[in-house]
Amino acid sequence: MGATPVEPAIIRRMIPRMNIYYVNRNAQSNGDHEVHVLGCSFFPAWQNAVTLGPCPNCQEAIRKARQHFSQCNGCAYCVSECNTD
Ligand SMILES: [Zn+2]
């Protein structure tokens, strides 16, 4: 009777885990617009956070951020693998 229920753990494995990235509307002193993920201690004020949506990796997040601001960089804390300082 009815469909076989799928274990939530199996569903979680099927959906790639994607972070939701944001870029700071305000540039740093060096002109970089930093890309962050939620929960970072250096996350900008909400009115300055431009959402980039879920991205499979930070390279994709930076690519999206560059559609908003020409000079972007990953946050040294939460997006360190895409930080080039
Ligand atoms: Zn950050």
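Q: In which loop is Asn-48 found?
A: This is a predicted model. Two strands, E2 and E3, flank the stretch of chain that holds this residue. Asn-48 is found in the loop between E2 and E3.

Q: Is Asn-48 buried or exposed?
A: A residue counts as buried when its relative accessible area is under 20%. The relative accessibility of Asn-48 is 17%, so Asn-48 counts as buried.

Q: Which residues is Asn-48 in contact with, leaving aside its neighbours within four places in sequence?
A: Asn-48 and Arg-25 are 23 residues apart in sequence, but their C-alpha atoms are 4.9 Å apart in space. Arg-25 is one of the residues that Asn-48 contacts. With sequence neighbours within four places left aside, the list is Val-23, Asn-24, Arg-25 and Asn-26.

Q: What distance separates the C-alpha atoms of Ala-49 and Val-23?
A: Ala-49 lies in strand E3 and is buried, with a relative accessible area of 12%. Beyond the residues up to four places away in sequence, Ala-49 touches Tyr-22, Val-23, Phe-43 and Pro-44. Ala-49 and Val-23 are 26 residues apart along the chain, and their C-alpha atoms are separated by 5.7 Å.

Q: In what order do the elements of the protein chain run from the N terminus on?
A: The secondary structure of the protein chain comes to two helices and four strands. Read from the N terminus on, the elements run α-β-β-β-α-β.

Q: Which strands stand at the edges of the sheet?
A: The sheet is open, has four strands with mixed pairing, and follows the order E3-E1-E2-E4. An edge strand here has a single partner strand, so one side of it is left without a neighbour in the sheet. The strands in that position are E3 and E4 (72-74).

Q: In what sense do E1 and E2 pair, parallel or antiparallel?
A: The pairing of E1 and E2 runs over three bridges. Tyr-21 stands opposite Val-37 in E2. The sense of the pairing between E1 and E2 is antiparallel.

Q: Which residue in E4 is the bridge partner of Val-35?
A: E2 and E4 pair in the parallel sense, over three bridges. In E4, the residue bridged to Val-35 is Gly-74.

Q: How many residues of E2 are buried?
A: In a regular strand, side chains alternate between the two faces of the sheet. In E2, His-33, Val-35 and Val-37 point one way, Glu-34 and His-36 point the other way, and all are buried. E2 is therefore largely enclosed by the rest of the structure, and its count of buried residues is five of five.

Q: Which backbone oxygen does the side chain of His-33 reach?
A: His-33 lies in strand E2 and is buried, with a relative accessible area of 10%. Apart from residues up to four places away in sequence, His-33 touches residues including Val-23, Arg-25, Phe-69 and Cys-72. At 3.3 Å, its side chain reaches the backbone oxygen of Arg-25.

Q: Which element gives the most residues to the largest nonpolar core?
A: Nonpolar side chains tend to be buried together in soluble globular proteins. The largest nonpolar core here has 15 residues, and Tyr-21, Val-35 and Leu-52 are among those with the most contacts inside it. Strand E1 (19-24), strand E2 (33-37), strand E3 (49-55) and helix H2 (58-65) each give two or more residues to this core. The element that gives the most, with four residues, is H2.

Q: How many residues does the other core have?
A: Another core lies apart from the largest one. Its members include Tyr-22, Phe-43, Ala-49 and Cys-75. The size of this other core is five residues.

Q: What angle does the direction of H2 make with that of E3?
A: H2 packs on the sheet and touches E1, E2, E3 and E4. Val-35 of E2 is in contact with Ala-61, Ile-62 and Ala-65, among others. The direction of H2 makes an angle with that of E3 of about 140°.

Q: What percentage of the residues in the protein chain is buried?
A: The protein chain exposes about 5,900 Å², and carbon and sulfur atoms supply 52% of that area. The protein chain has 85 residues, and the buried share of them is 35%.

Definitions and conventions
Residues numbered from 1 in each chain as written. Predicted model: local features only at pLDDT ≥ 70, side-chain atom pairs only at ≥ 80, totals over all residues. Heavy atoms only, no water. Core = buried A, V, L, I, M, F, W, Y, C linked by side-chain atoms within 4.5 Å. Buried < 20%, exposed > 50% of the residue type's maximum accessible area, 1.4 Å probe, protein only. Contact = heavy atoms within 4.5 Å. Pairing = 2+ DSSP bridges. Axes fitted to C-alpha atoms, helices over the stretch in contact; angles between N-to-C directions. Areas by Shrake-Rupley, 256 points an atom, 1.4 Å probe, with all protein chains shown as cover. Polar contact = N/O pair within 3.5 Å; in protein donor to acceptor, adjacent residues only side chain to side chain.
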